[in-house]
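Thanks for making time. I have one chain to go through, helix by helix, then a few local features. Here it is on the screen.

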Amino acid sequence: MTSLMEVTLCVVGTAPQLLSPDLVNGMMCSLAQQSAEKIDRYRAHAGSVFVRLLHSNNPAVPHIPHREELLAIFPT
């Protein structure tokens, strides 16, 4: 999950066109699913990666579905 976050943030900064809406949707859904995992360590880490990607602004991760609603639910 950490590698996914680092690579995503790197791609966003250099070649954001590589991040298709389907790819970002699948990635965020998988992170949301992992944040409901039974093992606390995985759940906490998935949640922090999800929030970090959601709140990244320099530049923002494109195509996050329901971004505005998620930002309201998960404030900084």
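I start with helix α1. Helix α1 has 13 residues and reaches 19 Å from its first C-alpha to its last, close to the 18 Å expected at 1.5 Å a residue. Bear in mind that this is a predicted model.

Which residues of α1 are buried? They are Met5, Thr8, Val11 and Val12. Looking down the axis of α1, the buried residues fall within an arc of 135°, so they line one face of the helix. The cover over these buried residues includes α2 and α3. On the other side of α1, the exposed residues are Ser3, Val7 and Thr14.

Next is helix α2, residues 21–34. Its 14 residues should span 20 Å at 1.5 Å a residue, and the end C-alpha atoms are 20 Å apart, which agrees. The buried residues here are Val24, Met27, Met28 and Leu31. They cover an arc of only 90° around the axis, which puts them on the same side of α2. Among what covers them are α1 and α3. The face of α2 turned away from the buried side carries Asp22 and Gln33, both exposed.

One residue of α2 I want to pick out is Pro21. With a relative accessible area of 45%, Pro21 is partly exposed, because buried would need under 20% and exposed over 50%. Where does the chain bring Pro21 and His63, 42 residues apart in sequence? Their C-alpha atoms are 5.1 Å apart in space.

His63 takes us to the loop between α3 and α4. His63 is partly exposed as well, at a relative accessible area of 42%. Its phi is near 65°, a positive value in a residue other than glycine. His66 is in the loop between α3 and α4 too, and His66 also has a positive phi, of about 60°, although it is not a glycine. At a relative accessible area of 57%, His66 is exposed.

The loop between α3 and α4 also holds Pro59. The peptide bond joining Asn58 and Pro59 is cis, with omega about -10°. For background, most residues other than glycine have a negative phi, and most peptide bonds are trans. Those are the backbone points I would check on the screen.

Now the aromatic residues. How many aromatic pairs does a search of the whole structure find? The search finds one. The rings belong to Phe50 and Phe74; the centres are 5.7 Å apart and the planes are at 65°, so the pair is edge-to-face. The cut-off that matters is that planes over 60 degrees apart count as edge-to-face. This pair links distant parts of the chain: Phe50 is in helix α3, while Phe74 is in the segment after α4 (67–73), 24 residues apart.

Are Phe50 and Phe74 buried or partly exposed? Phe50 counts as buried, at 9% relative accessibility. Phe74 counts as partly exposed, at 33%.

Phe74 comes up again with His55. His55 is in helix α3, residues 40–55. At 18% relative accessibility, His55 counts as buried, because the limit is under 20%. A polar atom of the His55 side chain lies 2.5 Å from the backbone oxygen of Phe74. Leaving out residues up to four places away in sequence, His55 touches Leu71, Phe74, Pro75 and Thr76. So Phe74 has two entries in this talk: the ring pair with Phe50 and the contact with His55.

Last, the annotation. For "domain: Tubulin-folding cofactor D C-terminal", UniProt lists residues 27–75, in an unreviewed entry. In the model, the end C-alpha atoms of residues 27–75 lie 20 Å apart. That span is 63% helix and 0% strand. Met27, one of the buried residues of α2, is at the start of the listed range.

To go back over the helices: the buried residues of α1 are covered by elements that include α2 and α3, and those of α2 by elements that include α1 and α3. That is what I have; I will leave the structure up for discussion.

Notes
Residues are numbered from 1 along each chain as its sequence is written. This is a predicted model: local features need pLDDT of at least 70, side-chain atom pairs count only at pLDDT 80 or more; totals for chains, interfaces and linings use all residues. Side-chain values use heavy atoms; hydrogens and water are left out. Helices (H or I, at least four residues) and strands (E, at least two) are DSSP runs, numbered from the N terminus. Buried means under 20% relative accessible area, exposed over 50%, partly exposed in between (1.4 Å probe, protein chains only). A polar contact is a pair of N or O atoms within 3.5 Å; within protein, one must be able to donate a hydrogen and the other to accept it, and residues adjacent in sequence count only if both atoms are side-chain atoms. Contact means heavy atoms within 4.5 Å. The expected span of a helix is 1.5 Å times one less than its number of residues. The arc is that of the directions from the helix axis to the C-beta atoms. UniProt positions are given in the numbering used here, feature names are shortened, and annotations may be inferred rather than shown by experiment. Rings of Phe, Tyr and Trp (its six-membered ring) pair if their centres lie within 6.5 Å; planes under 30 degrees apart count as stacked, over 60 as edge-to-face and the rest as tilted.
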